[in-house]
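Colleague: I should like to go through this model with you, beginning with its helices and then turning to its side-chain pairs and backbone. Please give the reasoning behind each answer.

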Amino acid sequence: MTTSGAVTAFAGTNIALVKYWGKRDAALNLPATGSLSLTLDRLGTRTTVHFDGHGDAGATDRIVMNGAPADAATAARVSAFLDRVRARAGSSARAFVTTENGVPTASGLASSASGFAALAIAATRAAGLTLPPDELSVLARLGSGSAARSIFGGFVEMARGERADGSDAVAHALPEPGPDGAGWDLRLVVAITASGPKAMGSTAAMTHTARTSPFHDAWIAAVPGDLAAARAAIAARDLPALGAVAERSALRMHASAMAADPAIIYWNPATLAAIAGVRALRAQGTPAFFTIDAGPHVKALCRAADVDAVAAALRAAPGVSDCLIAAPGPGARVVETR
């Protein structure tokens with residue numbers, strides 16, 4: 001393996017507007033449906049990878065997250081991902097990985113998406129590999145299903161794929177919305193409604209929903225229509241149409257989880273208060289639309305011109321502790337080599 005020293009990459013988290021919820025193959029993280037998301041600019045993960053150049057017997061990867069050694073489960077997951085990079089590079093070298101999350105880990109803010117996208121970029125480059133974006137998307141997906149989307153910036157669609165090996169389960173960036181290709185000045189306001197990790201991880205919750213929820217098949221069947229509607233809304237820069245799809249997809253996803261046996265309920269009173277706040281804004285004439293991932297936090301999609309009003313309304317919702325504001329951002333990228 002020809003190493004490239006220490007490589008640091010940054011990947012923005014992505015928030016799914018048409019949700020990913022369910023796997024057709026858990027080992028390869030192959031999604032049961034397609035999905036569509038928005039990659040954010042300043043909320044994400046910064047990861048540095050350095051391979052030591054040799055693989056001593058008994059040596060292990062060193063994984064540091066947010067200034068502390070990673071727990072055993074996380075370290076094993078990262079090492080398994082690095083094993084894929086090592087196999088591709090023809091190496092057994094151990095790695096030193098440091099990562100900083102700009103959003104809370106395992107809380108429903110897609111930290112694993114930005115984390116594995118950043119790791120895919122940093123690890124491959126540190127191993128001397130230069131992979132095209134579609135291959136990086138496939139690699140990132142093996143770490144976290146939604147990480148495939150964070151390889152790209154802006155609006156991104158993830159294909160379900162049909163092949164058993166997952167080679168066609170890959171993300172791609174959608175064209176800049178609008179006829180002039182000049183982009184769309186949107187913002188996402190994230191209302192923090194709880195602290196600490198969520199009660200059940202996404203993978204376990206997806207599996208449980210698929211096994212026990214009577215609504216799971218209906219959820220799967222609805223996604224292709226939502227994807228088509230979302231694509232059309234983005235192309236037309238139609239925020240109300242896109243917002244309607246986002247809210248519908250989120251509510252259907254959570255309905256399928258709530259109908260599982262026993263039920264998976266991520267929401268708390270602050271979640272409901274934030275939803276009510278977004279709906280009240282809309283009733284007053286401010287176009288804002290909510291979405292909720294597998295966790296309690298509420299994200300509101302709005303125009304840049306309305307972001308202060310939306311953030312103020314969400315901060316006023318009982319139980320909301322803070323609001324984070326982000327714009328559409330670029331895909332995962334190298335930010336430093338040394």
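Colleague: How many residues does helix α1 have, and what distance does it reach from its first C-alpha to its last?

Modeller: The model is a predicted one. Helix α1 runs over residues 72-89, which gives 18 residues. At 1.5 Å a residue the expected reach is 26 Å, and the value in the model is close to that, at 25 Å.

Colleague: Which residues of α1 are buried, and what arc do they cover around the axis?

Modeller: The buried residues of α1 are Val78, Ser79, Phe81, Leu82, Val85, Arg86 and Ala89. They lie on the same side of α1, because the arc that they cover around the axis is only 165°.

Colleague: Which exposed residues does the face of α1 turned away from its buried side carry?

Modeller: The buried side of α1 includes Val78 and Phe81 among its residues. The face turned away from that side carries exposed residues, namely Ala72, Ala73 and Ala87.

Colleague: What covers the buried residues of α1?

Modeller: Both strands and helices take part in the cover. Among the strands are β4, β5 (62-65) and β7 (95-101). The helices include α2 (111-126) and α3 (133-143).

Colleague: Which residue reaches the backbone nitrogen of Ala73 at the start of α1, and what phi does Gly90 take just after the helix?

Modeller: At the start of α1, the backbone nitrogen of Ala73 has a side-chain oxygen within 3.1 Å, and that oxygen belongs to Asp71. Just after α1, Gly90 has a positive phi, about 70°.

Colleague: How many salt bridges are there, and which residues do shared partners join into one network?

Modeller: The count of salt bridges comes to 15. Some of these bridges share partners, and the network joined in this way consists of Asp61, Asp83, Arg86 and Arg94.

Colleague: How many residues apart in sequence are the parts that Lys19 and Asp293 tie together?

Modeller: The side chains of Lys19 and Asp293 form a salt bridge, with an N to O distance of 2.5 Å. Lys19 lies in the loop between β1 (7-18) and β2, while Asp293 lies in the loop between β11 (288-291) and β12 (298-303), so the parts tied together are 274 residues apart.

Colleague: Are Lys19 and Asp293 buried or exposed?

Modeller: The relative accessible area of Lys19 is 1%. That of Asp293 is 12%. Since the cut-off for burial is under 20%, Lys19 is buried, and Asp293 is likewise buried.

Colleague: Which strands does the salt bridge of Glu336 and Arg46 link, and how many residues apart are the two?

Modeller: The closest N and O atoms of Glu336 and Arg46 are 3.2 Å apart. Glu336 belongs to strand β14 (residues 333-337) and Arg46 to strand β4 (residues 35-51), and the separation is 290 residues.

Colleague: Which helices are joined by the salt bridge of Arg252 with Asp226?

Modeller: In this pair the closest N and O atoms are 3.7 Å apart. The bridge ties together parts 26 residues apart in sequence, because Arg252 lies in helix α7 and Asp226 in helix α6.

Colleague: Is Asp226 buried or exposed?

Modeller: Its partner Arg252 has a relative accessible area of 35% and is partly exposed. Asp226 has a relative accessibility of 2%, and therefore counts as buried.

Colleague: How many disulfides does a search of the whole structure find, and why do Cys323 and Cys302 form no bond?

Modeller: The search finds zero disulfides. Cys302 has the sulfur of Cys323 as its nearest cysteine sulfur, and Cys302 is in no disulfide. The pair forms no bond because the sulfur of Cys323 is too far from that of Cys302, at 11 Å.

Colleague: Which residues does the cis peptide bond join, and where does Pro262 lie?

Modeller: Most peptide bonds are trans. Here a bond with omega of about 0° is cis, and it joins Asp261 and Pro262. Pro262 lies in the loop between α7 (239-258) and α8 (269-283).

Colleague: What is the phi of Asn29, and what is that of Arg237?

Modeller: Most residues other than glycine have a negative phi. Asn29, in the loop between β2 (23-25) and β3 (30-31), has a positive phi of about 55°. Arg237, in the loop between α6 (216-236) and α7, also has a positive value, near 55°.

Methods. Residues numbered from 1 in each chain as written. Predicted model: local features only at pLDDT ≥ 70, side-chain atom pairs only at ≥ 80, totals over all residues. Heavy atoms only, no water. Disulfide = S-S within 2.5 Å. Helix = DSSP H or I, 4+ residues; strand = E, 2+ residues; numbered from the N terminus. Salt bridge = Lys/Arg side-chain N within 4 Å of Asp/Glu carboxyl O. Buried < 20%, exposed > 50% of the residue type's maximum accessible area, 1.4 Å probe, protein only. Expected span 1.5 Å × (residues − 1). Arc of directions from axis to C-beta. Contact = heavy atoms within 4.5 Å. Polar contact = N/O pair within 3.5 Å; in protein donor to acceptor, adjacent residues only side chain to side chain.
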